[in-house]
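Please look through the sequence and the model shown below before reading on. The paragraphs that follow go from the overall fold to individual residues.

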Amino acid sequence: MDAYTVSKLASEAGVSVHTSGVSPPIPSWRAYTWGVLAVLTCPCHLLLLAAVLAGTGVGAFVGDHWGVAALALTGLFLLSMTRVLQVFGRRE
């Protein structure tokens, strides 16, 4: 039984167990999902995103509020990029 399983079983039983800093394994689909999100929300893709979304409600919002869209995409990009680096750094 690995440390993650012991920790999970202990937490379900309400017992505190020290697992010496062992992190639970991260599914590869989650790691790649964060990577795809980082690529899609990269602020340098804002013009391309606006062109793809032209004619939609989201495209109209982006067209009217470039600053808000840029800040939101930058924040989401930084969050997802941080998660990608954490996930792939932990897997090696």
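Helices here are DSSP runs of H or I that hold at least four residues, while strands are runs of E with at least two, and both are numbered from the N terminus. Counted in this way, the protein, which is a predicted model, has five helices and zero strands. Read from the N terminus on, the order of its elements is therefore α-α-α-α-α.

Some values describe the chain as a whole. The protein has 92 residues, of which 17% are buried, and it exposes about 6500 Å², with carbon and sulfur atoms supplying 68% of that area. When contacts between residues at least 6 apart in sequence are considered, 62% of them join residues at least 24 apart.

A good place to begin a closer reading is the loop between α2 (28-40) and α3 (46-52), where Thr-41 is found. Is Thr-41 buried or exposed? Thr-41 counts as buried because its relative accessibility is 5%, and the cut-off for that class is under 20% relative accessible area. The side chain of Thr-41 reaches back to the backbone oxygen of Leu-37, at 2.7 Å. Leaving aside residues up to four places away in sequence, Thr-41 also touches Leu-73, Leu-76, Phe-77 and Ser-80.

Two cysteines can be considered next, and they fall on opposite sides of the classification. Cys-42 has a relative accessibility of 16% and so counts as buried, whereas Cys-44 is exposed, because its relative accessible area is 59% and exposed means over 50%. As for bonds between cysteine sulfur atoms, which would have to lie within 2.5 Å of each other to qualify, the count comes to zero disulfides.

Helix α5 (residues 66-91) gives a second point from which to view the fold, since Ala-69 lies in it and, at 8% relative accessibility, counts as buried. Which residues does Ala-69 touch, not counting those up to four places away in sequence? They are Leu-46 and Val-62. A further link to follow in the model is the one between Ala-69 and Pro-43, which are 26 residues apart along the chain, while their C-alpha atoms are separated by 9.0 Å.

Taken together, these details offer two places to return to in the model: buried Thr-41, with its contacts to residues that include Leu-73 and Phe-77, and buried Ala-69, with its contacts to Leu-46 and Val-62.

How values were computed: Residues are numbered from 1 along each chain as its sequence is written. This is a predicted model: local features need pLDDT of at least 70, side-chain atom pairs count only at pLDDT 80 or more; totals for chains, interfaces and linings use all residues. Side-chain values use heavy atoms; hydrogens and water are left out. Buried means under 20% relative accessible area, exposed over 50%, partly exposed in between (1.4 Å probe, protein chains only). Contact means heavy atoms within 4.5 Å. Accessible areas come from the Shrake-Rupley method with a 1.4 Å probe; for residues, only the protein chains shown count as cover. A polar contact is a pair of N or O atoms within 3.5 Å; within protein, one must be able to donate a hydrogen and the other to accept it, and residues adjacent in sequence count only if both atoms are side-chain atoms.
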